[in-house]
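Please open the model in your viewer and keep the sequence panel beside it, and we will go from one selection to the next.

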Amino acid sequence: MRHRRRREDRTIWHRATEDGMATWTAFLPTPQAAQLDAAVDAHAATFGDDGRTLNQKRVDALYDLVVNRPAGDATPVAGRRRWCR
């Protein structure tokens, strides 16, 4: 019962920070968070050795998976990656 009530509180938000950066946060059930981590890690692993850290690749992978995939498609399109350096 308590978990079901907390699921109703799921949300995302962002907060601007200094130097043009922001914090982006999601409050969601643990299994979904684990699946998101796995998807982000799997996509980050497709990036070559280009000088980015693993954390930088993970952020870029998250952005890619959310923003750069065509509507209705569960997989990102190769060549459409637009990450920050």
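## The hairpin

Begin by selecting strand S1 (residues 11-16) and strand S2 (residues 22-27), which pair in the antiparallel sense over six bridges; please bear in mind throughout that this is a predicted model. To see one of the pairings in detail, pick Arg-15 and look across to S2, where its bridge partner is Thr-23. Next, follow the chain from S1 into S2: the two strands form a hairpin with five residues between them, and in that turn Asp-19 has a positive phi of about 60°. If you now colour S1 by accessibility, you will find the strand hardly covered, since the count of buried residues among its six residues is zero.

## The salt bridges

A search of the whole structure finds five salt bridges, and the next selections visit some of them. Select Arg-6 and Asp-9, whose side chains meet in a salt bridge with an N to O distance of 3.1 Å. Arg-6 is partly exposed, with a relative accessible area of 46%, and Asp-9 is likewise partly exposed, at 36%.

Now move to Asp-37 and Arg-58, which form a salt bridge whose closest N and O atoms are 3.0 Å apart. Which parts of the chain does this pair tie together? Asp-37 lies in helix H2 (residues 30-44) and Arg-58 in helix H3, so the contact links parts that are 21 residues apart in sequence. Asp-37 is partly exposed, with a relative accessible area of 42%, while Arg-58, also partly exposed, has a value of 22%. Add Asp-41 to the selection, because salt bridges that share partners join Asp-37, Asp-41 and Arg-58 into one network.

From there, select Arg-52 and Asp-60, whose side chains meet in a salt bridge at 2.7 Å, N to O. Are these two residues buried or exposed? Both Arg-52 and Asp-60 are buried.

## The nonpolar patch

For the last stop, show the molecular surface and select Tyr-63, Val-66 and Val-67, which form a nonpolar patch there, with about 280 Å² of accessible area together. Val-67 lies in helix H3, which spans residues 54-67. With a relative accessible area of 42%, Val-67 is partly exposed, and it therefore passes the accessibility cut-off for a patch, which asks for over 30%.

Conventions: Residues numbered from 1 in each chain as written. Predicted model: local features only at pLDDT ≥ 70, side-chain atom pairs only at ≥ 80, totals over all residues. Heavy atoms only, no water. Patch = residues over 30% accessible without salt bridge, like charges linked within 9 Å, V, L, I, M, F, W, Y side chains within 5 Å. Areas by Shrake-Rupley, 256 points an atom, 1.4 Å probe, with all protein chains shown as cover. Salt bridge = Lys/Arg side-chain N within 4 Å of Asp/Glu carboxyl O. Helix = DSSP H or I, 4+ residues; strand = E, 2+ residues; numbered from the N terminus. Buried < 20%, exposed > 50% of the residue type's maximum accessible area, 1.4 Å probe, protein only. Pairing = 2+ DSSP bridges.
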